[in-house]
Amino acid sequence: MRQSELFSKVSKNFPADEEALNAKLLIRAGFINKEMAGVYSFLPLGLRVIRKIEAIIREEMELAGGREVLMPVLHPKENWVTTKRWESFDALYKVKARDGREMALGPTHEEIIFPLAKKLINSYKDLPISFYQIQDKMRDEARTKSGILRGREFLMKDFYSFHANEADLDRFYEKMKGVYARVFERLGLNARLVEASGGTFSKYSHEFQVLTSVGEDEIYFCDKCDFAQNKEVFGLANQATCPSCKKGKIEASNGIEVGNIFKLNTKFSDPFQVTYKDEKGEEKPVFAGCYGIGISRVLGTVAELFNDERGLLWPQAIAPFRVHLVELEEGKGDTVYKDLQGAQVEVLYDDRKLTPGEKFAEADLIGIPWRLVVSKKTGAKVEVKRRDEEKAALITLKEFLNLLN
RNA sequence: CGGGCCGUAGUGUAAUGGCAGCACGAGUCUUUUGGGAAGAUUUAGUCCGAGUUCGAAUCUCGGCGGCCCGACCA
């Protein structure tokens, strides 16, 4: 894409109405725009990253057996009354239609997927079955915070699995731990599996936490083994030695929760009467699990983690573009641009008439992994520099394409 | 939802009771072109409302909006 046609603009200043580094960088570099506290638009660059994140998640959810659906944002009130969450879900947005009918804006989708599952599940032969969606969630947070990390509207992937019995749910739940580990690894995030309380859902759940000082959660973990618990579970135990392996030392860190998985058991199947007939024709309750990943939060987490004094540093897998082609002599980049496109390389082509310094500064701010410069100096070659390295190399385009593969 | 801080051109900042200024951006023209160029010229602002005062960006009250701490996070 030609940068002259990109609907985006970098700013020389950080926004004054943001404190969180993720929002400061993403806004300044033109990835997102703030509309209100906790509500952001995704501009072309930001949306491209979102799409990359979604693609990885979709791939893994499909492999895990999920079928993608898209549920509504507008929810009938009755469903929320059925689960008693019309009153108890503190952050539920309630809206009123012109005829006075009340509805909810979906903060999560159990109230939709369970009635749907009831229609789709009749027999043990229908189980297990899983659905997932990528959808905007609305939560009337008492306080938004940390830029894009906790907003009132955010993008989330939610996955729901339905099983004939608890053992099958348990088996699947364990499998999803592995699926999630792979997702976060592919996203370039080091996410730690953490035992958490299940909130109103269940006794326990697991969170995937990226350990960093800016996270809003407190995590206690072992420096030797996999043991990790959040504050609610670890409580005031204040143990210095790992209760699991008895060898490691317990360390504390803040964390950003990028994923959370729950065993719902029959908590929602019961009120919605989601049942199936087993081999003997007996009516049995369906066991369910739910599995979430905060997609817009992943975007914010990566921005928060991968940056330097000059700007963002996108991991290869979710970078908005793979290559940033910067031409310093007008028209000089056109053929390289065409060749890169021909080679299926996602390239942002800075064809604008700006000074070299401005172009370099903006390229660093945007943070695309590879920078390619063409100018009088480069002759028939291209100058290649990685965003995270200082040194550049003068090579042919062909050599560069080999480097990419 | 409790508490604190804050609100000035598109963006970032000055002016603390007395002429609203600077930088960047944007528009036009000329010259520039390997790390945020130079000149000329134009553009654009005190969140809203009330009050105090000879006089309010500045003080007071209310509203709206933003950030931070805490609570909450299904």
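These legends describe close-up views of a predicted model of chain A with RNA strand B.

**View 1. Two domains make up chain A.**
Domain 1 covers residues 3-308. Domain 2 covers residues 321-404. Their C-alpha centres lie 37 Å apart. Where the domains touch, domain 1 supplies six residues and domain 2 supplies eight residues. On the domain 1 side, three of these residues are nonpolar, two are polar and one is charged.

**View 2. Residues of the model surround RNA strand B.**
How many residues surround RNA strand B? The count is 45. A37, A91, G199, P356 and G357 are the closest. Which helix gives the largest share of this surface? That is helix α11, residues 356-366, with eight residues. P356 and G357, two of the closest residues, fall within the span of α11. By class, the surface near the strand holds 17 nonpolar, 12 polar and 16 charged residues.

**View 3. The largest nonpolar core has 98 residues.**
Those with the most contacts inside this core are L26, I53, V258, L325, I368 and L372. Helix α6, residues 166-186, gives the most to the core, with seven residues. Domain 1 and domain 2 each add at least three residues to this core.

**View 4. V258 sits among many contacts in the core.**
Neighbours within four places in sequence are left aside here. The remaining contacts of V258 are F184, L189, A191, F208, V210, I293, G294, R297, V298 and T301. V258 is one of the residues with the most contacts inside the largest nonpolar core.

**View 5. Helix α5 has buried residues under cover from several elements.**
The helix runs over residues 110-120. Which of its residues are buried? They are E110, E111, I112, I113, F114 and A117. Strands help to cover them, including β4 (74-76), β7 (129-138), β8 (153-163) and β16 (287-294). Helices α3 (77-82) and α8 (269-272) also take part in this cover.

**View 6. A cis peptide bond joins L127 and P128.**
Omega is about -5 degrees at this bond. Where does P128 lie? It is in the loop between α5 and β7.

**View 7. K246 has a positive phi.**
The value is about 65 degrees, although K246 is not a glycine. The residue is found in the loop between α7 (231-234) and β13 (250-265). Is K246 buried or exposed? K246 counts as exposed because its C-beta atom has 10 others within 10 Å, and the limit for exposed is 12 or fewer.

**View 8. Q273 also has a positive phi without being a glycine.**
Phi of Q273 is near 55 degrees. This residue is found in the loop between α8 and β14 (275-277). Why is Q273 classed as partly exposed? It has 13 other C-beta atoms within 10 Å, so it falls between the limits of 12 or fewer for exposed and 20 or more for buried.

**View 9. Strand β11 pairs with β12 and β13.**
Strand β11 covers residues 217-222. With β13, β11 pairs in the antiparallel sense over six bridges. D217 stands opposite G255 in β13. With strand β12, residues 228-230, β11 also runs antiparallel, and three bridges join the two. The bridge partner of I219 in β12 is N230. A hairpin of five residues joins β11 to β12.

Technical notes. Residues are numbered from 1 along each chain as its sequence is written. Chains are lettered from A and ligands numbered from 1 in the order in which they are written. This is a predicted model: local features need pLDDT of at least 70, side-chain atom pairs count only at pLDDT 80 or more; totals for chains, interfaces and linings use all residues. A residue is near a molecule or strand if its C-beta atom, placed from the backbone, lies within 6 Å of it. Helices (H or I, at least four residues) and strands (E, at least two) are DSSP runs, numbered from the N terminus. Ala, Val, Leu, Ile, Met, Phe, Trp, Tyr, Cys and Pro count as nonpolar, Asp, Glu, Lys and Arg as charged, and the others, Gly among them, as polar. A nonpolar core is a set of buried Ala, Val, Leu, Ile, Met, Phe, Trp, Tyr and Cys residues joined through C-beta atoms within 7 Å. Domain bounds come from an automatic or database domain assignment. Two residues are in contact if their C-beta atoms, placed from the backbone, lie within 7 Å. Two strands pair if DSSP finds at least two bridges between them.
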